[in-house]
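Q: Hi! Could you walk me through this structure?
A: Happy to, let's have a look together.

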Amino acid sequence: MHAIRRILVVIEPNADTDQAANLTMPRACLIARATEASLHLLVCDKSADHGELLSDLRHVLEAKGIEVTTEQNWHESTHQTIVQAQQAQGADLVIKQHFPDSTLRRALLTPADWKLLRHCPCPVLMVKSDRPWKGGAILAAVDVGNPDGEHTALHYSIVQHGFDLAEMAGGELHVIAAHPSPTLSAAEPVYQLPTHVEGEYREQCKAFQTEFDIDDAHLHIAEGPADVLIPFTAHHLQAAVTVIGTVARTGFSGALIGNTAEVVLDSLESDVLVLKSEEIVAQLKKHLAQA
C-alpha cells in the first residue's frame, strides 16, 4: 500500500458533517499519513449543493497537513460517478462507506456497492464499522488450493496489503485458508477421506507459509465454504480489516468479481479491502478506454 499516492474518498451527503464522514475519514487520514498520499473528496449528487460540506472537510484535513481536493459530480449512477472520478484523478485506492441492501432488494437488483467492486479497476476499501483499527487484527483471505499464476500473484498482493495494514494499525496479520470438503464423487477413494484432503491442503500451505513468513499461530486452515469461514474467522479474531481478492472470469459481460467477495461484503463485521488480479484490472481498463 506504500505505492498509493492518490486516494478517492466518497463522502455521503448528510446534514451533519460528522455523520457524513465519520466512518471514511479516519481510515483515509490513517492511510494518507502512512503513504504520504493526497485525498480527493467526492460527493455523488446531481441535485443539492454540498460545497459547504466539502469546504469544511477540506479545511479540517489541511489543518492536519494532508493535501486535499474536492468534487461534486454525477454520471448516471453512483458507481459510474466514482469510477469516472477515480480514472480522472488517477486514484490508487477508493474508500467508501458500505450500505447493505435488504435480502429482497438484492434478489431483484444488483447492489450499488457490488457494482462498484465489479467495475472499479483499483482497490476498494469498504468501511463498515467505526471500530478503531489501532491494535486490531488484520485478516487476509487466500485460496491456496489454486496455485496458478493468476491466483499466486493475487495471493502475494493480498498478503502484502495485509502486512501493510497491520503495520499501519499496529496490529497482527492473520491468514484464513478455506479448503473444500471431500467429495464422494472422487474417482479415488482416498480423495473421499477428510484427513487426506486436509493433509494435502496443509502441505500446500507449508510452501505458502515459508514464502510469506507466516507461522502456524497466524494461519487458520478450515474445511468448508469460504463465504462462511471468512466472516466466522474475522468475528473470532475481532478483525479490524479483512482483505479479499477477486480473479477475472471469461468474458466482460459476466460478473467480474467472485461470488465470495460479494457475499461476504454484507456478512463481515469488519472493514473490507477488495483487491483484483492483474487480469481483471486489464479487462476493466480496456473496457473503460473503449467506453
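Q: Let's start with strand β7 (residues 173-179): how many of its residues are buried?
A: Seven of the seven are buried, so β7 is largely enclosed by the rest of the structure. Buried means under 20% relative accessible area, exposed over 50% and partly exposed in between, with a 1.4 Å probe and protein chains only. Strands (E, at least two residues) and helices (H or I, at least four) are DSSP runs, numbered from the N terminus.

Q: Is this a model, and what should I keep in mind?
A: It's a predicted model, where local features need pLDDT of at least 70 and side-chain atom pairs count only at pLDDT 80 or more, while totals for chains, interfaces and linings use all residues. Residues are numbered from 1 along each chain as its sequence is written, and side-chain values use heavy atoms, leaving out hydrogens and water.

Q: Back to β7, which residues sit on each side?
A: Leu-173, Val-175, Ala-177 and His-179 are on one side, with His-174, Ile-176 and Ala-178 on the other, and all are buried. In a regular strand, side chains alternate between the two faces of the sheet.

Q: And what does β7 pair with?
A: Strand β6 (residues 138-142) runs parallel to β7, joined by five bridges, and strand β8 (residues 219-223) also pairs with β7 in the parallel sense over five bridges. Two strands pair if DSSP finds at least two bridges between them. For instance, Leu-139 has His-174 as its bridge partner, and Ala-178 stands opposite Ala-222 in β8.

Q: Switching topic: where is His-98, and is it buried or exposed?
A: His-98 is in the loop between β4 (93-97) and α5 (103-108). It is buried, at 7% relative accessible area.

Q: What does the His-98 side chain pair up with?
A: The side chain of Asp-266, through a polar contact of 2.5 Å. That term means a pair of N or O atoms within 3.5 Å; within protein, one must be able to donate a hydrogen and the other to accept it, and residues adjacent in sequence count only if both atoms are side-chain atoms.

Q: Last one: which residues touch the most other members of the largest nonpolar core?
A: Ile-7, Ile-31 and Leu-41, out of 52 residues. Helix α7 (residues 149-169) gives the largest share of this core, seven residues. A nonpolar core is a set of buried Ala, Val, Leu, Ile, Met, Phe, Trp, Tyr and Cys residues joined through side-chain atoms within 4.5 Å.
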